[in-house]
Amino acid sequence: MPTKVDVLIIGGGYTGLCAALATSEIGAHTLVIDQANPGEGASTRNGGMFGAHPRVSWEKVKNTFGEIVADAIFEEAPIALNFVRDIIQKNKIKCDFHNSGRIQLAWTKDHFTSQKKMAENITRKSDAKIDILEKKDLTEYISTEKYYGGIHFSEHCSLNPKKFHDGLINFALSKGVQINSNIEAKRIDRNNKKWTVFLSNGRSINASKIIMATNGYTGNNFPWFFRRVFPIPSYIVVTEELSDNFIRSLIPSNKMLVETRSKHSYFRKSPDNKRIIFGGRASMLNITNEKATSRLKETMIEIWPKMREINIDYSWSGNTGFTFNQLPHVGRINKINYAMGFCGSGTVLSPYLGYKVGYQAMCDKRGATAFSSTNLKFSTLNLFSKPYFLNILDIWTRLKS
Ligand SMILES: Cc1cc2nc3c(=O)[nH]c(=O)nc-3n(C[C@H](O)[C@H](O)[C@H](O)COP(=O)(O)OP(=O)(O)OC[C@H]3O[C@@H](n4cnc5c(N)ncnc54)[C@H](O)[C@@H]3O)c2cc1C
């Protein structure tokens, strides 16, 4: 491992790797370190649903950041999607990438009304393509009576997250980026305009620039970030192999499917079309895989009662990094560059904003983005060594469900 680099990137998920691709493209000697194996955070554990529309309404963004920022964020979402799709396609990254489309399913009548308003805003403010699906239209895509309707993002896609991450690693290595696993950045000091980063292996590295790309795995040794980006776990289960007929009797199409209720269930067929991958917020806290599996299975049975007899073969969880205004941010604090806070929606935005933070660190104008105007919010709720407020949020969410 070198003792001196131009750019040191902390975190080797999509954000860190894409930041490294941007800085190395400009000629900077770049090192990525990860406290685990790169990708062991969220970037190889996600559901592979590929889309970038903001999770909050245009009105909410406008009320927090003003109309100009709200318009710019909505305009940039399809641009981000095309940018990352181009990276995958131009570099021939084999990651089971498909133009599948994604449907957001309305759990209540009110949700459907809000969805229609959201669809109107998105299509008015950007080039994104959205169709409204009435309840009767849903039978083509999902076999259940549970939903009141939905909206179809026809440009959203699907991929295999691990293969995408592997592809980015190979791409970064081919561009001369160095990547080191199992090294944690413990502390950062600044002296004479240079950084020294102290590592878990007892060594240190000097760097001219630092980029933080730690999202939902940010530790409390970096309190400024830790108080603004907090981890919420997301859980995934995968069924046993199902027959063609059975699987089609649940999901007749190849759409990515996601719900509007606060359990935030999301589901799809596996890339080989043999299993159902079913994710959701089984808890706001870390619970055992057994407990999460049983809660997710109950939710599946609620949607499709015939799932009761089906076995679960695999389960896992990972941390999403949430912000108090539910938008990611690319910025700089005390001369440290960072991109984080993807709020569970990062297969497009984390690589995209990874590039942006890399360009920003190098003072390259391609780093310009509306996500530099979505300043991270500090909340007194999160003053402690752990985000204890999530315990209360967990109870509230489960009561609401
Ligand atoms: C279960 C699950 C399902 C999801 N499904 C979807 C989906 O379908 N669609 C979608 O768009 N998004 C989804 N997401 C979100 C998406 O995966 C993330 O937004 C994205 O991967 C974030 O990438 P990242 O590089 O910023 O963070 P990560 O991939 O989490 O990487 C952060 C890295 O930082 C490292 N790190 C932290 N601290 C240090 C330190 N001090 N020193 C060194 N290294 C450190 C960690 O080890 C980790 O590898 C999901 C997330 C989860 C957990």
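Here are some worked exercises on the predicted model above, each with a step-by-step solution.

In this predicted model, local features need pLDDT of at least 70 and side-chain atom pairs count only at pLDDT 80 or more, while totals for chains, interfaces and linings use all residues. Residues are numbered from 1 along each chain as its sequence is written.

**Exercise 1. The ligand shell**

Task: work out which residues come nearest to the ligand, and where the ligand lies relative to the domains.

Solution.
- Step 1: grab the shell. A residue is near a molecule if its C-beta atom, placed from the backbone, lies within 6 Å of it. There are 44 residues around the ligand, and Gly13, Gly41, Gly47, Gly318 and Gly346 come nearest.
- Step 2: map the shell onto elements. Helix 1 (14-25), strand 12 (229-239) and strand 16 (312-323) are the ones that give two or more residues. Helices (H or I, at least four residues) and strands (E, at least two) are DSSP runs, numbered from the N terminus.
- Step 3: sort by class. The shell has 14 nonpolar, 26 polar and four charged residues. For the classes, Ala, Val, Leu, Ile, Met, Phe, Trp, Tyr, Cys and Pro count as nonpolar, Asp, Glu, Lys and Arg as charged, and the others, Gly among them, as polar.
- Step 4: place the ligand. Domain 1 (4-46 + 163-230 + 324-386) and domain 2 (96-158 + 231-323) both give residues to the shell, so the ligand lies between them. The domain bounds come from an automatic or database domain assignment.

**Exercise 2. Two domains and a core**

Task: describe how domain 1 and domain 2 touch, then look into the largest nonpolar core.

Solution.
- Step 1: take the centres over C-alpha atoms; those of domain 1 and domain 2 are separated by 29 Å.
- Step 2: collect the contact, which takes 25 residues from domain 1 and eleven residues from domain 2. Two residues are in contact if their C-beta atoms, placed from the backbone, lie within 7 Å.
- Step 3: class the domain 1 side that touches domain 2, and you get eleven nonpolar, ten polar and four charged residues.
- Step 4: turn to the core. A nonpolar core is a set of buried Ala, Val, Leu, Ile, Met, Phe, Trp, Tyr and Cys residues joined through C-beta atoms within 7 Å. The largest one has 103 residues, of which Leu8, Ile9, Ala19, Ile211 and Leu257 touch the most other members. Helix 3 (residues 67-90) gives the most to this core, with eight residues. Each of domain 1 and domain 2 supplies at least three residues to this core.
- Step 5: zoom in on Leu257. Skipping neighbours within four places in sequence, Leu257 is in contact with Ile103, Leu105, Ile142, Ile251, Tyr266, Phe267 and Arg268.

**Exercise 3. Around strand 11**

Task: list the strands that pair with strand 11, then follow Ile10.

Solution.
- Step 1: strands pair if DSSP finds at least two bridges between them. Strand 1 (residues 4-10) runs parallel to strand 11 (residues 204-212), with six bridges joining them.
- Step 2: strand 10 (residues 194-199) pairs with strand 11 in the antiparallel sense over four bridges. In that pairing, Phe198 has Ser204 as its bridge partner. The hairpin of strand 10 and strand 11 has four residues between the strands, and there Gly202 takes a positive phi near 90°.
- Step 3: strand 18 (residues 336-340) pairs with strand 11 in the parallel sense over two bridges.
- Step 4: follow the bridges from Ile10, whose partner in strand 11 is Met212. Met212 in turn has Tyr338 as its bridge partner in strand 18.
- Step 5: check burial. A residue is buried if 20 or more other C-beta atoms, placed from the backbone, lie within 10 Å of its own, exposed if 12 or fewer, and partly exposed in between. Ile10 counts as buried because it has 24 C-beta neighbours inside 10 Å.

**Exercise 4. Positive phi outside glycine**

Task: find where Asn273 and Gln326 sit, and how exposed each one is.

Solution.
- Step 1: recall the background. Most residues other than glycine have a negative phi.
- Step 2: Asn273 has a positive phi near 65°. Asn273 lies in the loop between strand 14 (266-269) and strand 15 (276-280). With 12 C-beta neighbours inside 10 Å, Asn273 counts as exposed.
- Step 3: Gln326 has a positive phi of about 60°. Gln326 is in the loop between strand 16 and strand 17 (329-333). With 18 other C-beta atoms within 10 Å, Gln326 is partly exposed.
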